[in-house]
Amino acid sequence: MSQQVGNELSEIIAEDFGPNATYVEGLLSRFRSNPESVDESWRAYFAELIGDGNETVVSANGNDGASAPSTRSVTTETAAAAAPAPEAPVKKETPPPASPALTTEVTALRGASLKIVENMEASLSVPTATSQRRIPVKLLDENRNVINKFLREQDRGKASYTHLIAWAILRALDEFPQLNDGFDVVNDVPSRVKRTDVNLGIAIDLTRKDGTRNLLVPNIKNANRLRFSEFLVAYDDVIKRARDGKLQIGDFQGTTISITNPGTIGTLSSMPRLMVGQSVIIATGAIEYPVENQAMTPEALSQLGISKGVTVSSTYDHRIIQGAESGAFLSRMH
């Protein structure tokens, strides 16, 4: 397959899957090696994508074995002084050492990486605002302990803080369903698109073998219609399939609202970009004591009634959601 065809495939995948395109390109590579190594829905998609499969594999560096251009350094030299007269010898000066040449490497962004750029630039077209609320987690922690005690007795895993916060999003949407709506231009008229089902996107940060990171955002379909026990199973299932590389095409389609948790790596507060088509993204920070109290002993913290807290932010499309609605939504989550 020529370089041009390879780029075209990457662009098509990027157009179809946006920020999840890197994951799909990995599946395409597996499909080329062994079609049976991917799910049937992916086999059908890739078979249609590449046609009859008559292609020539491009070398790993993408240039069919051509050698990479060498990097040349440039050294400047001081011009020689004019020759002095014999009777007046001039002292020769040693030229200063030349500064080492700056070596750089430029790589054009293509495929999934280019689509990420396009998505980020498109997100700038969405007029957003952000509400934040600091929530104590003492009661949340006690309820989680009660839930996990029951789950352990039933040999049914455990609930994380993110499980419970995501569940709070769904229950808050019962009272504020307009935050699940979308914005679109229909027949040249700016319009609100009402959506009754909540497809909750879960941002999953995966680390590849080479140390680079990949962000996937599959969603839980009709999450608002699930009972809590069903929601735990659905949430854990999508996480496991993401880590095992078994997500399907439908897992990425139709996301209406998202949750991201940068708190897992210690970030206290975040205002993530809102993707076109969604109206709200919820971000949760690290669960911590206030900075000024973190050196205190547990006994002192308990005596003073100081609890750990979490900062939850709501970044929303200001064209269809107002600040008071976002603030009230966070209050209901609390």
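**Exercise 1.** Is K138 buried or exposed, and which side chain does K138 meet in a salt bridge?

*Solution.* The model is a predicted one, and the values used here are computed from it. Begin with the accessibility of K138: its relative accessible area is 52%, and since the exposed class starts over 50%, K138 counts as exposed. Next, look for the partner, which is E142, with a distance of 3.8 Å from N to O; this value falls within the 4 Å cut-off for a salt bridge. Then place the pair in the fold: E142 and K138 both belong to helix α5, residues 138-153, where they are 4 residues apart, about one turn of the helix. Finally, E142 has a relative accessible area of 38% and is therefore partly exposed.

**Exercise 2.** Determine which parts of the chain the salt bridge between D181 and R192 ties together, and classify the two residues by accessibility.

*Solution.* Start from the distance: the closest N and O atoms of D181 and R192 are 3.0 Å apart. D181 lies in the loop between α6 and β2 (182-186), whereas R192 lies in strand β3 (residues 189-193), so the salt bridge ties together parts that are 11 residues apart in sequence. As for accessibility, D181 is buried, with a relative accessible area of 2%, while R192, at 36%, counts as partly exposed.

**Exercise 3.** Describe the salt bridge of K240, and then set it within the search of the whole structure.

*Solution.* The partner of K240 is D244, and their closest N and O atoms are 2.8 Å apart. K240 is exposed, at a relative accessible area of 54%, and D244 is partly exposed, at 38%. Elsewhere, D181, R192 and K194 are joined into one network by salt bridges that share partners. Over the whole structure, the search finds 12 salt bridges.

**Exercise 4.** How many residues does the largest nonpolar core have, which helix gives the most to it, and what is L200 in contact with?

*Solution.* The largest nonpolar core has 57 residues, and those with the most contacts inside it are W42, Y45, F46, L200, F231, F329 and M333. Helix α6, residues 161-175, gives the most to this core, with 8 residues. For L200, set aside the neighbours within four places in sequence; the residues then in contact with L200 include A166, L170, P218, I220, A223, F231, I257 and I259, and N219 is also one of them. As general background, nonpolar side chains tend to be buried together in soluble globular proteins.

How values were computed:
Residues are numbered from 1 along each chain as its sequence is written. This is a predicted model: local features need pLDDT of at least 70, side-chain atom pairs count only at pLDDT 80 or more; totals for chains, interfaces and linings use all residues. Side-chain values use heavy atoms; hydrogens and water are left out. A nonpolar core is a set of buried Ala, Val, Leu, Ile, Met, Phe, Trp, Tyr and Cys residues joined through side-chain atoms within 4.5 Å. Buried means under 20% relative accessible area, exposed over 50%, partly exposed in between (1.4 Å probe, protein chains only). Helices (H or I, at least four residues) and strands (E, at least two) are DSSP runs, numbered from the N terminus. Contact means heavy atoms within 4.5 Å.
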